[in-house]
Amino acid sequence: MSGRPVVLAADDLVPARWAAAEAERLRAPLQVVGTGNDVARTRVTQLLRASAPGAPVASRRVADPLGADLRRVSAGAELMVVSAAVGPRVVGAAVCPVATVPPTVPPLGRVIVAVAPRTAPSVLDLAVHEALARDAELVAVRVRGGPDADPGDALPDVLARWQRDLTHACRDLRQAVARRGADDADRRFRLLTVRGDPVPLLIALGIDAELLVVGCSVHGAGAAVLAGELVATVRCPVIGVPDPATPRGATARQRVRSGS
């Protein structure tokens, strides 16, 4: 079991149940933090304890877990779970991975991870871990947007850069799979390259997905899609992984690699 908890900062039952299932997958304790409503926090805590009597569920009152206290609360968490309504302002500001959960969670499906030429290993490691824990197919999506998106108008140097990016993405994904010891990678994991605007494409792919994992790094497309409408619009839960350049990010990467 991980020493760091999955922190639930939502009063809704759908994110609460999703957080409980995720804590079980991560073998981590679950902690319900207050949002100023002690009655709602107590109700959610009691329901979670009743539904999983053997799982450790703690409750803690925090003055402003999604604002002034966000960095302090997230620094001690394995994962933070919030509702989709507050996701856009929390993802990227926290120093641990943040899962935003929509009002209705879709049934079992694929795990999708958005990749860029320099996707952090922590993003791929978490995505591979989630796919294995859910016994789901992992689809790594490389979105090509901007003025160079049309191969018919691309110059030779642009096409060469595309090929290098694809090679790097394939290598990084296979390394992440190897770190998890998966022996059926060719069947369970694949890379998909698509052209267009990342936000609507990922929203469309999220319709039949179980989970979407994206990076919050300043490099690549991760920050752009997370800062926009993706988190609030996509139909499946989204986990945003912080920039590994932050001290907390490096620690999170090591924990995922170790299998916590």
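**Exercise 1. Find out how many disulfides this predicted model holds, and whether Cys 96 and Cys 236 are buried or exposed.**

Solution. Start with the count: the structure holds zero disulfides. A disulfide would be a covalent bond between the sulfur atoms of two cysteines. To be called one here, a pair of cysteine sulfur atoms has to sit within 2.5 Å. Next, check the two cysteines. Cys 96 has a relative accessible area of 1%, and Cys 236 also comes out at 1%. The cut-off for buried is under 20%, so Cys 96 is buried and Cys 236 is buried.

**Exercise 2. Work out the order of the strands in the sheet, and say which strands stand at the edges.**

Solution. Begin with the inventory: the protein has 11 helices and 10 strands. Now walk across the open sheet, which runs E3-E2-E1-E4-E5-E10-E9-E6-E7-E8 with mixed pairing. At the edges you meet strand E3 (57-60) and strand E8 (189-195). Each has a single partner strand, so one side of each is left without a neighbour in the sheet. Going from one strand to the next, the twist averages 25 degrees.

Then zoom in on one pair. Strands of a sheet pair through backbone hydrogen bonds, either parallel or antiparallel. For strand E6 (residues 110-115) and strand E7 (residues 138-144), the sense is parallel, over five bridges. Along this pair, Val 111 stands opposite Leu 138 in E7.

**Exercise 3. Identify the strands that helix H1 lies across, and those that helix H8 touches.**

Solution. Take H1 (residues 13-26) to begin with. Helix H1 lies across E1 (6-8), E2 (30-33), E4 (79-83), E5 (98-101), E9 (209-215) and E10 (238-241). Relative to E4, helix H1 runs at about 160 degrees. Now move to H8 (residues 198-205), which packs on the sheet and touches E6, E7, E8 and E9. The direction of H8 makes about 160 degrees with that of E7.

**Exercise 4. Pick out the residues that touch the most other members of the largest nonpolar core, then list what Leu 8 touches.**

Solution. A bit of background: in soluble globular proteins, nonpolar side chains tend to be buried together. In this protein, 52% of the 260 residues are buried. The largest nonpolar core has 40 residues, and those touching the most other members are Val 6, Leu 8, Val 81, Val 113, Leu 138, Val 213 and Ile 239. As for who supplies this core, helix H5 (residues 121-134) gives the largest share, six residues.

Now follow Leu 8. Leaving out residues up to four places away in sequence, Leu 8 touches Pro 15, Ala 16, Ala 19, Leu 30, Gln 31, Val 32, Val 33, Val 44, Leu 48 and Val 81. Apart from the largest core lies another, of 18 residues, including Val 139, Val 143, Val 199 and Leu 202.

**Exercise 5. Trace the salt bridges of Arg 134, and then look at the pair Glu 137 and Arg 190.**

Solution. Side chains of opposite charge can pair when their charged atoms come close. The whole structure contains seven salt bridges. One of Arg 134's partners is Glu 22, with the closest N and O atoms 3.0 Å apart. That pair connects helix H5, home of Arg 134, with helix H1, home of Glu 22, across 112 residues. Arg 134 is buried at 10% relative accessible area, and Glu 22 is buried at 1%.

Arg 134 also meets Glu 210 in a salt bridge, at 2.9 Å from N to O. Glu 210 lies in strand E9 and Arg 134 in helix H5, so this pair ties together parts 76 residues apart in sequence. Glu 210 is buried as well, at 7% relative accessibility. Put together, Glu 22, Arg 25, Glu 130, Arg 134 and Glu 210 are linked in a salt-bridge network.

Finally, Glu 137 and Arg 190: their closest N and O atoms are 2.6 Å apart. Glu 137 sits in the loop between H5 and E7, Arg 190 in strand E8, and 53 residues separate them along the chain. Glu 137 is partly exposed at 26%, and Arg 190 is partly exposed at 36%.

Methods:
Residues are numbered from 1 along each chain as its sequence is written. This is a predicted model: local features need pLDDT of at least 70, side-chain atom pairs count only at pLDDT 80 or more; totals for chains, interfaces and linings use all residues. Side-chain values use heavy atoms; hydrogens and water are left out. Buried means under 20% relative accessible area, exposed over 50%, partly exposed in between (1.4 Å probe, protein chains only). Two strands pair if DSSP finds at least two bridges between them. Helices (H or I, at least four residues) and strands (E, at least two) are DSSP runs, numbered from the N terminus. Axes are lines fitted to C-alpha atoms, for helices over the stretch in contact, and angles run from 0 to 180 degrees between N-to-C directions. Contact means heavy atoms within 4.5 Å. A nonpolar core is a set of buried Ala, Val, Leu, Ile, Met, Phe, Trp, Tyr and Cys residues joined through side-chain atoms within 4.5 Å. A salt bridge is a side-chain nitrogen of Lys or Arg within 4 Å of a carboxyl oxygen of Asp or Glu.
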